[in-house]
Amino acid sequence: MDATKLTAQEQEQEKAKFSFSGATLYGINAVIGSGIFLLPQKIYKGLGPASLAVMLGTALLVILLAVCLAETAGYFNKNGGAFQYSKAAFGDFVGFNVGFLGWAVTIIAWSAMAAGFARLFVITFKSFAPYELLLSVSLIILLSLMNISGLKTSKMFTLTATVAKLIPIVAFSLCAIFFIKGGIDKGNFTPFLQLEPGVDIMKAISSTAIYIFYGFIGFETMSIVAGEMRNPEKNVPRAILGSISIVSVLYMLIIAGTIAMLGSRILQTDASVQDAFVEMIGPVGAWIVSIGALISIAGLNIGESIMVPRYGAAIANEGLLPKKIAETNSKNAPIVAIIISGILAIVLLFSGKFEELAALSVVFRFFQYIPTALAVLVLRKKYPDKKVVFRVPFGPVIPILAVLVSLVMIWGENPMNYVYGLIGVLIASAVYFIYIVLICKNKVLEQEGE
């Protein structure tokens, strides 16, 4: 974008956007949540130290999806992520289904994250226990107001929270490098494979891989807010690959470091990373990790508050939802979409069912990955002369593998997810028919009649 041709307001809006380094941090923030502090115990239970090998394999599977996302992101310079890719590749109907379900899923996920922040805050500061619901509602309201004030404010808090939460994670990872050898010498990595009695190895690998995969969920968020990045066609693909690579290394070091310090004692504690850090640096380690977890999920909430409304606004901008939803204020914030997203997230908090919906929302993210991977093949043919920053190698092989991985993950978690997915598609299709076919078509006929 040529800054000399922009108005002062437009220049200010462009300056407020994320740079490449900021986009990379945003991507890291979107993936790393408080779950990483619970990950070691959960995955160790199935395979013992061999979970490290499964983590490496799972990281490679995630990269299959990430590279597809990186290529498709190179074709666009606006918000919407999988919605935009699906719409361009397969038309309005498919695009609307992907976008409508995607927006619903992100609202549910944000509500769950706000509840998760409140729960973790109460655990850390027990005197706030009576105000847990109030804390989560207040967080959504506060972040919505901050979002309305413009991207500059939200960006500052996002980057600050990301750096803050990376401090304990990076500190633990660096310490882990020096303690892994000691863990090997103490026998904490032997036997390498430790199956639970009566558990089939393939089942153990599958369940462990699914849990690890959920730890990487969120890498697609950056493409949804591509329009809030500077030079998005260039920077978003690079930031996607950079952030997922950094997260993969950090995850591996955290798991390895925890095993090195605790070995099988991981199974006897609900705070394995904290306990491991205590053994590394003393009692202060537990406090550092606890505060780091709180900052981590706070950062996730800030990132979601930016992304969720812009997903809905992107659909409206394309004429597939009422244009009012995409309306922005003087700070270029989609104020109507922000209000709608915030209200729905709060309603879910009061429903008491958001935790179950949140678990389902994680699975539904795969329904974003599948059309994105397939869109790679279509967009290559549709825009043969388009020069993208990153192109997936080996022709159609990786996109097809990415689709297969997603289908297996959906099935492995619960085969009924396909039924839930079908129900979701039927609901989205009904909304599309009512709005596009009935409402919009009637408006056109009325205008022609006048």
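Which residues make a nonpolar surface patch of about 550 Å²? In this predicted model, the answer is Phe394, Val397, Ile400, Leu401, Leu404 and Leu407.

**View 1. A greasy stretch on the surface.** Here we're looking at the patch built by Phe394, Val397, Ile400, Leu401, Leu404 and Leu407. Val397 sits in helix 17, which covers residues 397–413. With a relative accessible area of 44%, Val397 is partly exposed.

**View 2. The largest cavity.** Searching the whole structure turns up two cavities of 30 Å³ or more, and the largest holds about 90 Å³ of space. Its lining runs to 13 residues, with Leu69, Glu220, Gln368, Tyr369 and Thr372 nearest the centre. Three helices each chip in at least two lining residues: helix 4 (51–73), helix 10 (221–224) and helix 16 (366–382). Helix 16 gives the largest share, four residues. Sorted by class, the lining has eight nonpolar, four polar and one charged residues.

**View 3. The second largest cavity.** This one holds about 50 Å³ of space. Around it you'll find Gly102, Val105, Thr106, Glu220, Ile224, Tyr311, Arg365 and Gln368. Helix 6 (residues 92–124) takes the largest share of this lining, with three residues. The class split is three nonpolar, three polar and two charged. Glu220 and Gln368 may look familiar: they line this cavity and also lie among the residues nearest the centre of the largest one.

**View 4. Glu71 and its two arginines.** Of the eight salt bridges in the structure, this close-up shows a pair that share Glu71. Arg380 bridges to Glu71 with the closest N and O atoms 2.8 Å apart. That contact links distant parts of the chain, since Arg380 is in helix 16 and Glu71 in helix 4, 309 residues apart. Both partners are buried, and Glu71 has a relative accessible area of 0%. Arg391 also meets Glu71 in a salt bridge, at 3.6 Å from N to O. Arg391 is in the loop between helix 16 and helix 17, so this pair ties helix 4 to a part of the chain 320 residues away in sequence. Unlike buried Glu71, Arg391 is partly exposed at 38%. Through the shared partner, Glu71, Arg380 and Arg391 join into one network.

**View 5. A salt bridge beside helix 12.** The side chains of Glu279 and Arg265 meet here, 2.8 Å from N to O. Glu279 belongs to helix 12 (residues 272–281), while Arg265 is in the loop between helix 11 (232–262) and helix 12, 14 residues apart. Glu279 counts as partly exposed at 34% relative accessibility, and so does Arg265 at 38%.

Definitions and conventions:
Residues are numbered from 1 along each chain as its sequence is written. This is a predicted model: local features need pLDDT of at least 70, side-chain atom pairs count only at pLDDT 80 or more; totals for chains, interfaces and linings use all residues. Side-chain values use heavy atoms; hydrogens and water are left out. Patches are made of residues with over 30% relative accessible area and no salt bridge: like charges are joined within 9 Å, nonpolar side chains (Val, Leu, Ile, Met, Phe, Trp, Tyr) within 5 Å. Accessible areas come from the Shrake-Rupley method with a 1.4 Å probe; for residues, only the protein chains shown count as cover. A salt bridge is a side-chain nitrogen of Lys or Arg within 4 Å of a carboxyl oxygen of Asp or Glu. Buried means under 20% relative accessible area, exposed over 50%, partly exposed in between (1.4 Å probe, protein chains only). On a 1 Å grid over the protein atoms alone, a cavity is a set of points where a 1.4 Å probe fits but cannot get out, and a pocket is an open set with protein on both sides within 12 Å along at least five of seven lines; lining residues have an atom within 4 Å of a point. Grid points are joined across faces, edges and corners, and a volume is the space filled by probe spheres set on the points. Ala, Val, Leu, Ile, Met, Phe, Trp, Tyr, Cys and Pro count as nonpolar, Asp, Glu, Lys and Arg as charged, and the others, Gly among them, as polar.
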